[in-house]
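Got the viewer open? Load the model, switch to a cartoon view, and let's walk through it one selection at a time.

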Amino acid sequence: MEMLEIREVRYFVAVAEHLHFGRAARQLRVAQPALSKTIQRIESRLGVDLFVRTSRSVTLTAAGTTLLEHGRHALNAMDIAVHKTQQAGEPDHLRLAMKPGGDAGLLPRLLAAYAEQQDARRVEIVFCSGANRAQILRDGQADVALLYAPFDDLTSFTTVPLHTEDRVALLPQTHPLAGRAHIRLEELAAETFPRWVGVPNDQSPGPEIEDVSELIPLVQIGRAVAVLPRSLVSPAPPATVCVPVADAGTSSIVLAHNAHDHRNTVAAFITAAASAARLRGSS
């Protein structure tokens, strides 16, 4: 006796669950006559009737009921085999690129949520200063990245928003605007802003820096100011203050991955990140 093909088992199970050839054909996206012929071939090969067909109904025979039970087990086993095979071919770790401190406090909860996922791997964190994170992700040197919108280039990425926040001016404590409840961008027009390494078309006249850690000493001694997402400078470093900038707009931390990357480990990390963001929002 020939073994049944997996495709044939799927066809039979669909008909057995719907007890209707038309609905089963639509689920399987095949023509109903082709589905009927496949069932007839299965019955002929096994030498049993699987269905009792009338003009009004389709019911399972005893043989059909038995094949449905074992057919479901066979399909589940095949799905598990495929999943485990794909999983075995993936690396044993996942690389997350991020700016130091660029998670707004989300990282511990995100990693905890990811550890509970079926496809979780060891997470290797790649800390990147400047604007390199997007390029590292695009080049495949990282699997996922925490990026800032609208500052990072998100072209070719699929993103999941995790955290949205306002932007603040980082000023020295002695600055004339330091005591204000909020300010506007025009009030900073005469200030010296730093020039960020890796940011295209940045024509700022101030000193060239790569990261916030390089910025803070310059602000403390009055050589520069900056407008930044609040989480990057909260709480304010010594000898500085953070003043909300009313018209600077908001920024978002997003989890990004290459749009063509559909690996199970990446999908599991995305699920965990979305869960962590929801938990934070409800707490």
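Helices (H or I, at least four residues) and strands (E, at least two) are DSSP runs, numbered from the N terminus. This is a predicted model, where local features need pLDDT of at least 70, side-chain atom pairs count only at pLDDT 80 or more, and totals for chains, interfaces and linings use all residues. Residues are numbered from 1 along each chain as its sequence is written, and side-chain values use heavy atoms, with hydrogens and water left out.

**Whole chain**

Start with everything selected. You should find eight helices and eleven strands. The chain is more spread out than a compact globule, because its radius of gyration is 29 Å, well over the 19 Å that the globule rule gives for 283 residues. (That radius is taken over C-alpha atoms, and the rule is 2.2 Å times the number of residues to the power 0.38.) Turn the C-alpha trace along its principal axes and it spans about 90 × 35 × 35 Å.

Now colour by burial. Buried means under 20% relative accessible area, exposed over 50%, and partly exposed in between, with a 1.4 Å probe and protein chains only. By that yardstick, 42% of the 283 residues are buried.

**Aromatic pairs**

Next, show the Phe, Tyr and Trp side chains. Rings of these residues (for Trp, the six-membered one) pair if their centres lie within 6.5 Å; planes under 30 degrees apart count as stacked, over 60 as edge-to-face and the rest as tilted. There are three aromatic pairs in the structure.

Select Phe12 and Phe51: this pair is tilted, at 5.5 Å centre to centre with 45° between the planes. It ties together distant parts of the chain, since Phe12 sits in helix H1 (residues 6-18) and Phe51 in strand E1 (residues 51-53), 39 residues apart. Phe12 counts as buried at 1% relative accessibility, and Phe51 does too at 3%.

Then jump to Tyr114 and Phe269, an edge-to-face pair with 4.9 Å between centres and 65° between planes. Here Tyr114 belongs to helix H5 (residues 107-115) and Phe269 to helix H8 (residues 264-282), 155 residues apart. Tyr114 is buried at a relative accessible area of 1%, and Phe269 is buried at 0%.

Before leaving the rings, add Phe21 to your Phe12 and Phe51 selection: ring pairs link these three into a cluster.

**Arg7**

Which residues does Arg7 touch, leaving aside its neighbours within four places in sequence? Select Arg7 in helix H1 and you'll find Thr38 and Arg41 in contact with it, where contact means heavy atoms within 4.5 Å. Arg7 is partly exposed, with a relative accessible area of 37%. Put a distance label on the C-alpha atoms of Arg7 and Thr38: it should read 9.7 Å, for residues 31 apart along the chain.

**Backbone oddities**

Switch to sticks for the backbone. Ala149 and Pro150 are joined by a cis peptide bond, with omega about 10°; Pro150 lies in the loop between strand E5 (144-149) and strand E6 (157-172). The Ser234 to Pro235 bond is cis as well, with omega near 0°, and Pro235 is in the loop between strand E9 (226-229) and strand E10 (240-244).

Last stop: Leu19 and Arg29. Leu19 is not a glycine, yet has a positive phi of about 50°. Look for Leu19 in the loop between H1 and helix H2 (21-28), partly exposed at 34%. Arg29, also not a glycine, has a positive phi of about 60°. You'll find Arg29 in the loop between H2 and helix H3 (32-46), exposed at 79%.
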